[in-house]
Amino acid sequence: MNSIIEYLDDFSKQTQIYELNGKKLVVKNYRKETGILKWLVINATNLTINIYPFAFQPLMRLERECFFFKEAPEVFSKPKIYLVDFVKLKLVREYVEGASYSSILDEAEFWKLGVRLCRLHLEGWALGDSKISNFVSAGGRIYIVDAEEAVQTRDVRHYAWDLIVLASSMVFFNFDKIVQRRSELEEAVKSFIKGYVETDYGVSRQVVSAFEKPSFKALIYLLMPHPFSKIYITTWREYVAKEF
């Protein structure tokens, strides 16, 4: 059964799927209002501090996505781009057939996701919109299918933002499972953090330092329901402390 968050997230999708000669294509319209979840998160951020350099203009979001899909290292697999229309602000890309991480609750999968996100940060990229529905598991690979807020950056605050959004979306996309499968969800969150920390302790330590700041703590408690907010902070401290 889909959670209410999934329904909200799908309500104002920018993308439509078409089939041409037996091949599925995704057409993304950047003039259309972006997903509800994204704007909820952005507005929540504005209540605290301006952490991430979001692009609100459709053209800028299109440019960011094209640049990421073309120039970002292959830490995550990326769909092929077939056509870009900078006048009508549309993009046609490959449809990735696989399982969205919004429907996955597996420790091993989220450990791998933590590893990949850390590697992307080490390469000097942040996603901005890192919610789990933007990741797809297909053929043993992890695809990123939305990168319209991705930027090149060495600002650890941007990495911390990615980590908070991803973890909070793990909880909200699985909100209907919190009672029956709470322990599985907790272990998936912890596994994601473990994968990130084990990949690079240096950047992990910087991220934990950011999380200790009052503004970031407030953001975590704002975007993640209790007790997951506490579990999240505690797990970061424990995993990083084990290495130093």
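The paragraphs below lead through a predicted model, starting with its open sheet and passing by way of the salt bridges to the packing of the helices.

A convenient place to begin is the open sheet of 4 strands, whose order is β1-β2-β4-β3 and whose pairing is antiparallel. The edges are formed by β1 (15–20) and β3, each of which pairs on one side only, and from one strand to the next the twist averages 20°. Along the β1 edge, β1 and strand β2 (residues 23–29) pair in the antiparallel sense over 6 bridges, and within this pairing Ile17 has Val26 of β2 as its bridge partner. Helix α3 packs on the sheet, where it touches β2, β3 and β4, and the direction of α3 makes about 155° with that of β3.

At the other edge, strand β3 (residues 81–85) is joined to strand β4 (residues 90–94) by 4 bridges, and these two strands run antiparallel. Leu83 can serve as a landmark here, with Val92 as its bridge partner in β4. The hairpin of β3 and β4 has 4 residues between the strands, and in it Leu89 takes a positive phi near 60°.

A second hairpin can be followed in a similar way, for strand β7 (residues 135–138) and β8 run antiparallel and are joined by 4 bridges. Phe135 finds its bridge partner in Ile144 of β8, while the hairpin, with 2 residues between the strands, includes Gly139, which takes a positive phi near 60°.

The salt bridges come next. Side chains of opposite charge can pair when their charged atoms come close. The structure holds 16 salt bridges, and one of them brings together the side chains of Arg61 and Glu148, with 2.9 Å from N to O. Because Arg61 lies in helix α3 (residues 58–71) and Glu148 in the loop between β8 (141–144) and β9 (151–152), the pair ties together parts that are 87 residues apart in sequence. Both ends of this bridge are withdrawn from the surface by the 20% cut-off for burial: Arg61 is buried with a relative accessible area of 4%, and Glu148 is buried with a relative accessible area of 0%.

The side chains of Glu149 and Arg64 meet in another salt bridge, at 3.2 Å from N to O. This pair, too, links distant parts of the chain, with Glu149 in the loop between β8 and β9 and Arg64 in helix α3, 85 residues apart. Glu149 counts as buried at 2% relative accessibility, and Arg64 is likewise buried, with a relative accessible area of 16%. A further bridge is formed by Asp129 with Lys131, whose closest N and O atoms are 3.2 Å apart; Asp129 and Lys131 are both buried. Through salt bridges that share partners, Lys28, Arg61, Glu65, Asp146 and Glu148 are joined into one network.

The packing of helices can be read from α7. Helix α6 (residues 182–199) and helix α7 (residues 201–211) pack at an angle of about 125°, their axes lying 6 Å apart, and α6 and α7 are therefore oblique to each other. On the α6 side the contact is made by Tyr196, Val197, Glu198 and Thr199, and on the α7 side by Tyr201, Val203, Ser204 and Val207; the residues of this contact divide into 5 nonpolar, 2 polar and 1 charged.

Helix α7 also packs with α5, in this case at an angle of about 80° and with the axes 9 Å apart, which makes α5 roughly perpendicular to α7. Val156, Tyr159, Ala160, Leu163 and Ile164 of α5 make this contact with Val203, Gln206, Val207, Ala210 and Phe211 of α7, and the residues involved divide into 9 nonpolar, 1 polar and no charged.

Helix α5 (residues 156–173) also holds Ser168, which is buried with a relative accessible area of 6%. Once the neighbours within four places in sequence are left aside, Ser168 is in contact with Leu223 and Met224. Ser168 and Met224 are 56 residues apart in sequence, yet 5.1 Å apart in space from C-alpha to C-alpha.

Notes
Residues are numbered from 1 along each chain as its sequence is written. This is a predicted model: local features need pLDDT of at least 70, side-chain atom pairs count only at pLDDT 80 or more; totals for chains, interfaces and linings use all residues. Side-chain values use heavy atoms; hydrogens and water are left out. A salt bridge is a side-chain nitrogen of Lys or Arg within 4 Å of a carboxyl oxygen of Asp or Glu. Buried means under 20% relative accessible area, exposed over 50%, partly exposed in between (1.4 Å probe, protein chains only). Two strands pair if DSSP finds at least two bridges between them. Axes are lines fitted to C-alpha atoms, for helices over the stretch in contact, and angles run from 0 to 180 degrees between N-to-C directions. Angles under 35 degrees count as roughly parallel, over 145 as roughly antiparallel, 65 to 115 as roughly perpendicular and the rest as oblique. Contact means heavy atoms within 4.5 Å. Ala, Val, Leu, Ile, Met, Phe, Trp, Tyr, Cys and Pro count as nonpolar, Asp, Glu, Lys and Arg as charged, and the others, Gly among them, as polar.
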